[in-house]
Amino acid sequence: MMPAFDFASPTRNATLPPRSSERFAHAHPLPESGEPVVTHDGRVLLMRPIEPRDVAALRRCFKRLPAEDIRRRFMHSLSELPEPMAQRLCRIDPATEAAYVLIDDRVMPAELRGVGRIFIDEATDSAEFSVLVERDWTRQGLGAALMQRLVASCRERGLAELWGYVLVENRPMLRLCSDLGFTTRMVPDEPGVAQITLRL
Ligand SMILES: CC(C)(COP(=O)(O)OP(=O)(O)OC[C@H]1O[C@@H](n2cnc3c(N)ncnc32)[C@H](O)[C@@H]1OP(=O)(O)O)[C@@H](O)C(=O)NCCC(=O)NCCS
């Protein structure tokens, strides 16, 4: 039999996901120097804000990506990440952007295994996100760790909403976002594209 709805403790009710403020309650500001992130299988990466010196690592990371992942992240095909675009992605405007990288410094040179980014729109009090984890490093909790960092960053800025466009074929991302409490709706004029949103 289904347990009775527990009004005193909504998080105990299996029918309702926890509020996002509870789901991300452990989030805290990220130190400038970054902090370690441990994968499910025990590998350690450093999560820190992106820096201008990351251009070469970002371009190498892009080269390792399958075409499908590039399309899912950028919503179109791109055979390489041009230097000016990489420069732009690594040199952010802190007033309107935040971006975090996952650095693997067990290899030389250190490699970038994931990136999460938000673009802030003050007019709508919201931020658009994008996230990417290198294929060999997926299913290790890194996508969720990056998304949680982006949520924390939005909260630190007092934003009301975090949202992003996701291709409907992109089951991994839709699943990840639904696990994190985002809601999904189809974009009316863009067949095959969903908008996913988290109220903060
Ligand atoms: C989508 C993406 C970010 C997921 O990253 P990830 O590091 O694998 O995510 P996590 O390991 O944190 O997975 C968290 C949850 O998401 C879901 N998920 C992730 N990959 C999945 C897959 N291939 N199939 C089904 N569910 C999946 C699962 O629920 C998973 O939890 P579990 O492993 O405990 O079952 C990564 O696959 C990626 O970079 N894809 C290409 C770029 C992209 O699609 N970006 C999103 C658009 S901006």
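**Salt bridges, ligand shell and backbone features**

Arg-72 and Glu-68 form a salt bridge, with 3.4 Å between the closest N and O atoms. The model is predicted. Both partners belong to helix H3 (residues 67–74). They are four residues apart there, so about one helical turn separates Arg-72 from Glu-68. The two ends of the bridge differ in exposure: Arg-72 is buried, with a relative accessible area of 18%, whereas Glu-68 is partly exposed at 38%. Arg-72 counts as buried because its value falls under 20%.

In total, the structure holds 22 salt bridges. Side chains of opposite charge can pair when their charged atoms come close. Arg-48 and Asp-54 provide another example, with a salt bridge of 2.7 Å from N to O. Both of these residues are buried. Arg-48 lies in strand S2 (residues 44–49), and its relative accessibility is 5%. The side chains of Arg-48 and Asp-54 are also joined by a polar contact of 2.7 Å.

A further salt bridge pairs the side chains of Arg-64 and Glu-111, at 3.2 Å from N to O. This pair links distant parts of the chain. Arg-64 sits in helix H2 (residues 55–64) and Glu-111 in strand S4 (residues 111–121), with their positions 47 residues apart in the numbering. Arg-64 is partly exposed, at 32% relative accessible area. Glu-111 is buried, at 11%. Both residues also take part in a network of salt bridges. The other members of that network are Arg-60, Asp-104, Arg-106, Arg-113 and Glu-134.

The overall fold was then examined. The protein has six helices and eight strands. Along the sequence, these follow the pattern α-β-β-α-α-α-β-β-β-α-β-α-β-β. The protein has 200 residues, and 44% of them are buried.

The ligand occupies the largest pocket. Helix H3, strand S5 (126–133), helix H5 (142–156) and helix H6 (171–179) each give two or more residues to the shell around the ligand. H6 gives the most, with five residues. The ligand has 19 residues around it. Those that come nearest are Val-133, Gly-141, Gly-143, Asn-170 and Asp-179.

Backbone atoms of the protein approach polar atoms of the ligand at several points. A polar backbone atom of Val-131 lies 2.9 Å from a nitrogen atom of the ligand. At Gly-143, a backbone N or O atom is 2.8 Å from a ligand oxygen atom. At Ala-144, a backbone N or O atom is 2.9 Å from an oxygen atom of the ligand. The ligand taken alone exposes 930 Å², and the protein buries 82% of that area.

Several backbone features stand out in the loops. Most residues other than glycine have a negative phi, and most peptide bonds are trans. Met-108 and Pro-109, by contrast, are joined by a cis peptide bond, with omega at about -5 degrees. Pro-109 lies in the loop between strand S3 (97–104) and S4.

Met-75 has a positive phi of about 65 degrees, although this residue is not a glycine. Its place is in the loop between H3 and helix H4 (83–90). Met-75 is partly exposed, at 32% relative accessibility. Arg-139 also has a positive phi, near 60 degrees, and is likewise a residue other than glycine. Arg-139 is found in the loop between S5 and H5. Its relative accessibility is 77%, so Arg-139 counts as exposed.

Pro-29 completes the set of loop residues considered here. Pro-29 lies between helix H1 (20–23) and strand S1 (35–38). Its relative accessibility is 58%, so Pro-29 counts as exposed. Along the chain, Pro-29 and Ala-152 are 123 residues apart. Their C-alpha atoms are nevertheless separated by 7.2 Å.

Technical notes: Residues numbered from 1 in each chain as written. Predicted model: local features only at pLDDT ≥ 70, side-chain atom pairs only at ≥ 80, totals over all residues. Heavy atoms only, no water. Salt bridge = Lys/Arg side-chain N within 4 Å of Asp/Glu carboxyl O. Buried < 20%, exposed > 50% of the residue type's maximum accessible area, 1.4 Å probe, protein only. Near = heavy atom within 4 Å. Polar contact = N/O pair within 3.5 Å; in protein donor to acceptor, adjacent residues only side chain to side chain. Areas by Shrake-Rupley, 256 points an atom, 1.4 Å probe, with all protein chains shown as cover. 1 Å grid on protein atoms, 1.4 Å probe; cavity = no way out; pocket = protein on both sides within 12 Å on 5 of 7 lines; lining within 4 Å. Sits in = over half its atoms within 2 Å of the grid points.
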